[in-house]
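Biologist: Could you zoom in on a single spot for me and then work outwards from there? I'd like to hear what sits next to what, in plain words.

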Amino acid sequence: MSEQKRCGIIGLGRYIPTKVLTNKELEKMVDTTDEWIVTRTGIKERRIARSDEATSDMAAEAARAALKDANLTANDIDLIIVATITPDMFFPATACLVQDKLGCRTVPAFDISVACSGFIYGIAIADQFIRSGTYKHALVIAAEKLSSVTDWSDRSTCVLFGDGAGAAVLGPVKDGGILSVSLGANGKQGDLIKLPAGGSRIPPTVKSIEDKLHFIKMNGSELFKHAVRIMADAALGATQQLGLKADDIKLVIPHQANIRILKAVAKRMGLTEDKIYLNIEKYGNMSAASSAVALVEAVQEGRIKKGDKLLLDAFGGGLTWGAMVIEWSR
Ligand SMILES: CC(C)(COP(=O)(O)OP(=O)(O)OC[C@H]1O[C@@H](n2cnc3c(N)ncnc32)[C@H](O)[C@@H]1OP(=O)(O)O)[C@@H](O)C(=O)NCCC(=O)NCCS
């Protein structure tokens, strides 16, 4: 009987725009303070993409870095998945644009729209194709230009978001790799965070623009409550499948929406706060790209070593959520 194939992350890369937007600069744009933003969210600054830089540009940069890290070329890639809620355009998919930019073969390429959980959903999909032997190498990219859908006059949202991209190359591994996946969604709570217009329900009109319906609308305090419970439950879902206890996890790499959410999740999981990787102060919430960039940086900083078990954990618009245990195999 042939042995079950294992799939793991064999290369990582990120792209962060150079322009920094600090809390002090936001103080000049809306009625807020550095002190409010830091204490309520943990964010000190975020990155903003150039006006000529779209999501696919950032995604391609992150993917190039991940390919280099994996010691592979664009020609080696058999599948491209881009997780984004800020695609360059409705179609073609951003993944197709990235395929072209990288010079990949005519391999399947598609986007997934699951907001902040997108990196985990993307890895979960690629994992199936690789373990089944259908494809050998997949690129999973999470990229967002949230600055393009942020209402810069709304203090309750504009202080939160930033731009960036993270990418992973997935391929067969001998040991470890992706050990468990727990995904979920609840469309009943979709109204809590959404971008109302621009689609078939409310096509763009002068009125929809005047009403600012092309920007992210969010019920922050309601989301906050759900985020803590859902992220902790998703994490339990992924660890309990393996009979693991929280202590068996070396590092949790969460979606970075709010430092208070993450501290509450740690408490609920019975983890000390040092086991939760944080980079929210530098980047804010980059939706799908947040957990991807956090993973890249945690590995680059030496926080994860071969044989360590890490937990990816995210929650976002949809609502959607996902958690995944990975045994690091590099
Ligand atoms: C958005 C968030 C930071 C707001 O923090 P909060 O403690 O819940 O704050 P509230 O929304 O209850 O607002 C408290 C007060 O601060 C004010 N406020 C909101 N944004 C502010 C800002 N940037 N600066 C100063 N005051 C602000 C509100 O107007 C409100 O004032 P009021 O009491 O006079 O009405 C928090 O709710 C959050 O992080 N939610 C989850 C976000 C999330 O998970 N997003 C998407 C999923 S990825």
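**Ser180 and its surroundings**

Modeller: Let's start with the neighbours of Ser180: once you set aside residues within four places in sequence, Ser180 is in contact with Ala238, Gln241, Leu242, Ala323, Met324 and Val325. Keep in mind that this is a predicted model. Ser180 itself sits in strand 8, which covers residues 177-185. Is Ser180 buried or exposed? Its relative accessible area is 3%, and the cut-off for buried is under 20%, so Ser180 counts as buried. Its side chain has a polar partner, too: a polar atom there lies 2.6 Å from the backbone oxygen of Ala238.

That partner is a handy way out of the strand. Ala238 falls within helix 8, which runs 220-240 and is among the helices that each supply at least two residues of the shell around the ligand. Helix 8 in fact gives the most to that shell, with 4 residues. The others supplying at least two each are helix 2 (34-41), helix 6 (155-158) and helix 9 (259-269).

So much for the route; now the ligand itself. In total, 23 residues surround the ligand, and the closest are Thr32, Arg40, Arg155, Gly220 and Asn258. By class, the shell has 11 nonpolar, 8 polar and 4 charged residues. Looking at individual atoms, Arg40 puts a polar side-chain atom 2.6 Å from an oxygen of the ligand, and Arg260 does likewise at 3.0 Å. Gly220 uses its backbone instead, with an N or O atom 2.9 Å from a nitrogen of the ligand. On its own the ligand would expose 950 Å², of which the protein buries 71%.

Now for the domains. The domain assignment gives domain 1 (7-174) and domain 2 (179-327), with centres 14 Å apart over C-alpha atoms. Their contact takes 44 residues from domain 1 and 45 residues from domain 2. The ligand shell draws on both domains, with at least three residues from each.

A second buried spot in domain 2 is worth a look. Gln256 is in the loop between strand 11 (251-254) and helix 9, and it counts as buried because its relative accessibility is 0%. Its side chain reaches the backbone nitrogen of Asn279 at 2.9 Å, and a polar atom of that side chain lies 3.1 Å from the backbone nitrogen of Ile280. Leaving out residues up to four places away in sequence, Gln256 touches several others, including Leu262, Tyr277, Gly284, Ser290 and Ala294.

Ala294 gives us a marker for crossing to domain 1. The C-alpha atoms of Ala294 and Thr55 are separated by 18 Å, with their positions 239 residues apart along the chain. Thr55 lies in helix 3, residues 55-70, and it is buried because its relative accessibility is 2%. A polar atom of its side chain lies 2.5 Å from the backbone oxygen of Thr86. Beyond its neighbours within four places in sequence, Thr55 is in contact with Thr84, Thr86, Asp88, Thr94, Ala143, Glu144 and Lys145.

Conventions
Residues are numbered from 1 along each chain as its sequence is written. This is a predicted model: local features need pLDDT of at least 70, side-chain atom pairs count only at pLDDT 80 or more; totals for chains, interfaces and linings use all residues. Side-chain values use heavy atoms; hydrogens and water are left out. A residue is near a molecule or strand if one of its heavy atoms lies within 4 Å of it. A polar contact is a pair of N or O atoms within 3.5 Å; within protein, one must be able to donate a hydrogen and the other to accept it, and residues adjacent in sequence count only if both atoms are side-chain atoms. Accessible areas come from the Shrake-Rupley method with a 1.4 Å probe; for residues, only the protein chains shown count as cover. Ala, Val, Leu, Ile, Met, Phe, Trp, Tyr, Cys and Pro count as nonpolar, Asp, Glu, Lys and Arg as charged, and the others, Gly among them, as polar. Domain bounds come from an automatic or database domain assignment. Buried means under 20% relative accessible area, exposed over 50%, partly exposed in between (1.4 Å probe, protein chains only). Contact means heavy atoms within 4.5 Å.
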